[in-house]
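Here is a friendly look at some unusual backbone spots in the chain you are about to see. Please keep the viewer open as you read.

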Amino acid sequence: MSPQSRLRVTVLGLNYAPEPTGIAPYTTGLARFLAEAGHDVHVVTGLPHYPRWQVEPGYTGRLLQERDGDVRITRVAHPVPTNPTGAGRVAMEAAFAARATRVVARQPRPDVVVAISPALLAVAAAATLRRPGRTAVGVVPQDLYGHALAETGIGSGRAAAGAASLERRLLARADGVVAIHGRFRSSLAAMGVAEDRITTIRNWTHVPTVTRRPADIAAVRRELGWRDDEIIALHAGNMGAKQGLENVVEAARLADVDRCPIRFVLLGHGSRRDHLRAVARGVRRVQFLDPLPTERFTDALAAADVLVLNEKAGVAEMCVPSKLTSYFAAGRPVVAATNALSAASAEIVASRAGVTVAPGAPRALLDAIVDTRLQPGESEAMGLRGQLFAHDVLHVDAAREAYVAWVEGLAASRARPDHEPLPEVVTDIGVLDGGARRLPNSWVEPA
C-alpha cells in the first residue's frame with residue numbers, strides 16, 4: 001500500500017479485547033481488519049470490565065498504552081457502575097467520551113473516525129472531530145440506544161425519548177452508518193438516516209465451527225456434571241436486563257413441578273446474575289456456570305442438547321443478539337423466546353436452525369425445548385443448517401472485506417459539507433437522564 005493510500009483511522013469504542021463477549025469481539029475484529037489492510041489504526045477504548053462489570057486485574061492507571069498486533073490502543077480510565085443502568089451507565093459513558101476526546105485531540109488528525117455505539121456519547125465525541133474535506137465520521141451501532149431504554153424499561157419515558165432524539169441527530173449527521181442486520185437498516189432509515197449512508201455489514205461468527213466427535217461430547221458433559229439422561233438447555237452469554245432470564249428460571253421451576261428430565265444452564269456473567277440466583281433459590285433444575293475459555297465454551301455449546309436465546313418481552317428493535325453467531329457455529333438447535341418482529345426471530349427463520357416461542361411465556365419455552373429434543377432427526381438437521389448459515393452468511397471474510405471497503409469509501413468521499421453543525425453534547429448529558437441534571441466538565445476528571 002502506498003503512503004498516499006494508507007489511512008489514519010481512529011476507532012472510539014468503550015469495549016475491546018480482552019473482553020470475551022458482547023460488542024468487544026466485533027470492535028476488535030474491525031480494528032484488526034483495517035490494520036491488516038495496511039492502515040494506521042488507533043483504538044481509544046475503556047478498561048476491560050464486561051460482562052462482569054468489574055475492571056479486569058492489571059488495568060490500573062489513568063492512561064494505558066498497548067499494542068494489539070499493528071493496532072495501537074489507548075485505554076482511558078472511567079468509573080464502572082455496580083448497577084449498569086440509568087445514571088451510573090451515563091456517568092461511565094460521559095467520563096469515557098470526555099477523556100477519549102482529549103486523547104484524540106492530541107493526535108494527528110485522522111482521515112476517518114469510527115464510533116461504536118451504544119456508547120452514545122462516544123458517537124458525540126467522534127462528531128466533534130468531523131471536518132468537511134478532512135475527517136469523515138462513521139458509526140457502527142451494535143444496539144440502538146433509544147430503543148434499548150424504551151424496550152427494557154430502564155429509566156423514565158422522558159429519558160428514553162431524550163436518548164432517542166440525541167441518537168437520531170447524531171446518526172443522521174454521520175457520513176456513514178453500518179446496519180448489522182436488515183431489521184436495523186429499516187430502523188435506521190426510520191430514524192432519519194439517509195439510505196445512501198447506510199451500509200449493511202453483518203456481525204460474523206467469531207468462534208470456530210464445532211466438529212467434536214460424540215465421545216468428546218460425552219466427556220465434556222461429564223466434566224460439567226451433566227447427566228446423559230437429562231436434556232441440557234443452555235443459555236450462554238450476558239445476563240442483563242434485555243435478556244429477561246427470569247423467564248428461563250420460571251421454566252426451570254415448571255420443570256421441577258413436572259419432574260421433567262431437563263437442566264437449564266445459565267453460563268456467563270452480567271448485571272442481573274446475582275438477582276437471577278436469588279430468584280432461582282430452591283429451583284433444582286437450574287445451574288449457573290462461570291464464563292469458560294473459548295475452547296471450553298464452544299465445547300459446552302456443542303455438548304448441550306438445545307441452545308436457548310431469551311429476550312425480555314417488549315424487546316424487538318434494539319439489538320441483534322450476538323450469541324446467535326456462536327450458537328449457529330455450534331451445530332445445535334436453537335429455541336428462542338423472542339418477539340416475532342425481532343432480529344433474533346428473523347435470524348431463526350432465515351437460518352431454519354431452530355424454533356421461536358413468545359417471550360415471557362415459560363411454559364411455551366419448556367414445551368418447545370422438550371419437543372425439539374424428542375425429534376432427534378430434525379434437531380440434528382437444525383444444527384447442521386445453523387452451521388451452514390454461519391459459513392455462508394456470517395463468515396468473517398465477508399465482514400473483513402466489507403468493513404475495509406466501507407472505511408476506505410468514507411475516506412474517499414470525506415466528510416460531506418451538507419450537514420448542520422453538531423451540538424456540544426458531551427458535557428450536557430442530562431438529556432440521557434430525562435434532563436434531570438447537568439454534569440460539568442470537572443465532574444469527569446477524577447479517575
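This is a predicted model, in which local features need pLDDT of at least 70, side-chain atom pairs count only at pLDDT 80 or more, and totals for chains, interfaces and linings use all residues. Residues are numbered from 1 along each chain as its sequence is written, and side-chain values use heavy atoms, with hydrogens and water left out.

Let us begin with the cis peptide bonds. The table gives the residues, omega and the place of the proline.

| Bond | Omega | Place of the proline |
|---|---|---|
| Ala17 and Pro18 | about 20 degrees | Pro18: loop between β1 (8-12) and α1 (24-36) |
| Tyr50 and Pro51 | about 5 degrees | Pro51: loop between β2 (40-45) and β3 (63-68) |

The helices (H or I, at least four residues) and strands (E, at least two) named here are DSSP runs, numbered from the N terminus.

Now to phi. Trp53 lies in the loop between β2 and β3, and Pro51 is placed in the loop between β2 and β3 as well. Although Trp53 is not a glycine, its phi is positive, at about 60 degrees. Is Trp53 buried or exposed? With a relative accessible area of 10%, Trp53 is buried (under 20% relative accessible area, with a 1.4 Å probe and protein chains only).

Further along, the loop between α8 (246-258) and β10 (262-267) holds Arg259. Arg259, a residue other than glycine, has a positive phi near 55 degrees. Its relative accessible area is 71%, so Arg259 is exposed (over 50% relative accessible area).
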